[in-house]
Amino acid sequence: MINKKSINRVILVGHVGSNPEIRFSKEGSCFASFSLATHEIRRTKSGDEEHTEWHNILAIGKLGEFSEKYVKKGQLISIEGRISTKKWVGKDNVRRHLTEVVANNLVPLDRKE
(Lines give C-alpha, C1' and ligand atoms only; values in the text may rest on other atoms or scores of the structure.)
Protein backbone atom coordinates (compact mmCIF):
# COMPACT_ATOMS: atom_id res chain seq x y z
CA MET A 1 0.00 0.00 0.00
CA ILE A 2 1.28 3.47 -0.90
CA ASN A 3 1.37 6.10 1.82
CA LYS A 4 -0.26 9.23 0.37
CA LYS A 5 1.10 11.50 3.09
CA SER A 6 4.29 13.37 2.32
CA ILE A 7 6.41 16.08 3.87
CA ASN A 8 8.21 18.95 2.16
CA ARG A 9 10.42 20.40 4.89
CA VAL A 10 13.94 21.77 4.80
CA ILE A 11 16.23 22.88 7.61
CA LEU A 12 19.45 24.68 6.66
CA VAL A 13 22.17 26.39 8.68
CA GLY A 14 24.60 28.43 6.63
CA HIS A 15 26.05 31.80 5.73
CA VAL A 16 24.13 34.43 3.77
CA GLY A 17 25.79 34.90 0.37
CA SER A 18 24.21 38.21 -0.59
CA ASN A 19 22.18 40.94 1.04
CA PRO A 20 18.45 40.32 0.51
CA GLU A 21 16.94 41.66 -2.71
CA ILE A 22 13.57 43.20 -1.82
CA ARG A 23 10.44 43.36 -4.01
CA PHE A 24 6.84 44.20 -3.20
CA SER A 25 3.68 42.74 -4.74
CA LYS A 26 0.89 44.98 -6.03
CA GLU A 27 -0.90 44.23 -2.76
CA GLY A 28 2.13 45.43 -0.76
CA SER A 29 3.47 42.07 0.45
CA CYS A 30 7.26 42.00 0.87
CA PHE A 31 9.41 39.40 -0.93
CA ALA A 32 13.06 39.02 0.13
CA SER A 33 15.41 36.84 -1.96
CA PHE A 34 18.96 35.92 -1.03
CA SER A 35 21.48 33.11 -1.36
CA LEU A 36 22.65 30.84 1.44
CA ALA A 37 25.84 28.77 1.47
CA THR A 38 26.13 25.48 3.34
CA HIS A 39 29.47 23.69 3.68
CA GLU A 40 30.44 20.08 4.17
CA ILE A 41 33.66 18.10 4.24
CA ARG A 42 33.81 15.21 1.79
CA ARG A 43 36.34 12.47 2.32
CA THR A 44 38.07 11.42 -0.89
CA LYS A 45 41.00 9.18 -1.73
CA SER A 46 43.22 12.26 -2.00
CA GLY A 47 42.06 13.70 1.34
CA ASP A 48 39.29 15.84 2.75
CA GLU A 49 37.69 18.37 0.42
CA GLU A 50 35.33 21.16 1.40
CA HIS A 51 32.17 21.40 -0.71
CA THR A 52 29.87 24.42 -0.77
CA GLU A 53 26.23 24.11 -1.79
CA TRP A 54 24.32 27.30 -2.71
CA HIS A 55 20.60 27.65 -1.96
CA ASN A 56 18.12 30.27 -3.15
CA ILE A 57 15.99 31.54 -0.25
CA LEU A 58 12.65 33.37 -0.49
CA ALA A 59 11.09 35.03 2.56
CA ILE A 60 7.56 36.41 2.15
CA GLY A 61 5.46 38.90 4.13
CA LYS A 62 6.59 39.67 7.69
CA LEU A 63 9.55 37.30 7.28
CA GLY A 64 10.56 39.24 4.16
CA GLU A 65 10.39 42.50 6.11
CA PHE A 66 12.46 40.93 8.91
CA SER A 67 15.04 39.78 6.34
CA GLU A 68 15.27 43.27 4.84
CA LYS A 69 16.11 44.76 8.26
CA TYR A 70 18.18 42.06 9.96
CA VAL A 71 19.74 39.68 7.40
CA LYS A 72 23.14 40.68 5.99
CA LYS A 73 25.77 39.10 3.75
CA GLY A 74 28.12 36.77 5.67
CA GLN A 75 25.73 36.23 8.57
CA LEU A 76 25.17 32.73 9.98
CA ILE A 77 21.45 31.90 10.00
CA SER A 78 19.08 28.97 10.41
CA ILE A 79 16.25 28.58 7.89
CA GLU A 80 13.23 26.29 7.98
CA GLY A 81 10.91 26.06 5.02
CA ARG A 82 9.80 24.08 2.00
CA ILE A 83 11.29 23.45 -1.45
CA SER A 84 9.54 25.10 -4.38
CA THR A 85 10.44 24.75 -8.08
CA LYS A 86 9.28 27.23 -10.71
CA LYS A 87 9.45 26.44 -14.42
CA TRP A 88 9.01 28.81 -17.36
CA VAL A 89 10.10 29.49 -20.93
CA GLY A 90 12.22 32.63 -21.28
CA LYS A 91 11.95 35.31 -23.96
CA ASP A 92 14.74 33.48 -25.80
CA ASN A 93 12.50 30.35 -25.95
CA VAL A 94 14.78 28.47 -23.55
CA ARG A 95 13.22 26.43 -20.75
CA ARG A 96 14.30 27.60 -17.34
CA HIS A 97 13.73 26.55 -13.75
CA LEU A 98 14.44 27.87 -10.28
CA THR A 99 14.50 25.77 -7.13
CA GLU A 100 14.28 27.74 -3.92
CA VAL A 101 13.53 27.32 -0.24
CA VAL A 102 10.43 29.27 0.77
CA ALA A 103 11.19 30.17 4.38
CA ASN A 104 8.63 29.91 7.17
CA ASN A 105 11.16 30.44 9.99
CA LEU A 106 14.45 32.33 10.04
CA VAL A 107 16.78 32.69 13.03
CA PRO A 108 19.98 34.80 12.96
CA LEU A 109 22.72 32.88 14.77
CA ASP A 110 25.17 35.78 14.90
CA ARG A 111 24.84 39.54 14.68
CA LYS A 112 25.89 41.68 11.75
CA GLU A 113 26.07 45.43 12.38
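Reader: Which exposed residues does helix 1 carry on the face turned away from its buried side?

Author: Happy to start there, with the reminder that this is a predicted model. The buried residues of helix 1, which spans residues 62-70, are Leu-63, Gly-64 and Ser-67. They sit on the same side of the helix, because the arc they cover around the axis is only 105°. The face turned away from that buried side carries the exposed residues Lys-62 and Lys-69.

Reader: Nice. What covers the buried residues of helix 1?

Author: An α-helix has 3.6 residues a turn, so residues three or four places apart point the same way. In helix 1 the buried set is Leu-63, Gly-64 and Ser-67. What covers these residues includes strand 2 (21-24), strand 3, strand 4 (47-60) and strand 6.

Reader: Let's go to the strands. Over how many bridges do strand 1 and strand 5 pair, and in which sense?

Author: Strand 1 covers residues 10-16, and one of its residues, His-15, has Leu-76 of strand 5 as its bridge partner. The two strands run in the antiparallel sense, and their pairing extends over 6 bridges.

Reader: And which residue of strand 3 is the bridge partner of Val-16?

Author: Strand 1 also pairs with strand 3 (residues 30-44), again in the antiparallel sense, over 2 bridges. For Val-16, the bridge partner in strand 3 is Leu-36.

Reader: Is Ser-78 buried or exposed?

Author: Ser-78 has its place in strand 5. Its contacts beyond four places in sequence are Leu-12, Val-13, Asn-105, Leu-106, Val-107 and Leu-109. Its relative accessibility is 16%, and because the cut-off is under 20%, Ser-78 counts as buried.

Reader: Which residues touch the most other members of the largest nonpolar core?

Author: That core has 15 residues. Strand 1, strand 3, strand 4, strand 5 and strand 6 are the elements that give two or more residues to it. One of the well-connected members, Ile-57, touches Leu-12, Ala-32, Ser-33, Phe-34, Leu-36, Ile-79, Val-101 and Ala-103, leaving aside residues up to four places away in sequence. The residues that touch the most other members are Phe-34, Leu-36, Ile-57, Ile-77, Ile-79 and Leu-106.

Reader: Now the charges. How far apart are the closest N and O atoms of Glu-100 and Lys-86?

Author: Side chains of opposite charge can pair when their charged atoms come close. Glu-100 and Lys-86 form such a salt bridge. This pair links distant parts of the chain, with Glu-100 in strand 6 (residues 95-108) and Lys-86 in strand 5 (residues 76-89), 14 residues apart. The closest N and O atoms are separated by 2.9 Å.

Reader: Which partner in that pair is buried, Glu-100 or Lys-86?

Author: Lys-86 has a relative accessibility of 37%, so it counts as partly exposed. The other residue has a relative accessible area of 6%, so the buried partner is Glu-100.

Reader: What is the distance between the closest N and O atoms in the salt bridge of Asp-92 with Arg-96?

Author: Asp-92 counts as partly exposed at 46% relative accessibility. Arg-96 is partly exposed as well, at 36%. Their closest N and O atoms are apart by 2.5 Å.

Reader: Last one: how many salt bridges does the structure hold?

Author: Besides the pairs above, Arg-42 forms a salt bridge with Glu-40, with closest N and O atoms 3.5 Å apart. Arg-42 is partly exposed at 39%, and Glu-40 is partly exposed at 39% too. For the whole structure, the number of salt bridges is 5.

Note on methods:
Residues numbered from 1 in each chain as written. Predicted model: local features only at pLDDT ≥ 70, side-chain atom pairs only at ≥ 80, totals over all residues. Heavy atoms only, no water. Salt bridge = Lys/Arg side-chain N within 4 Å of Asp/Glu carboxyl O. Buried < 20%, exposed > 50% of the residue type's maximum accessible area, 1.4 Å probe, protein only. Helix = DSSP H or I, 4+ residues; strand = E, 2+ residues; numbered from the N terminus. Contact = heavy atoms within 4.5 Å. Pairing = 2+ DSSP bridges. Arc of directions from axis to C-beta. Core = buried A, V, L, I, M, F, W, Y, C linked by side-chain atoms within 4.5 Å.
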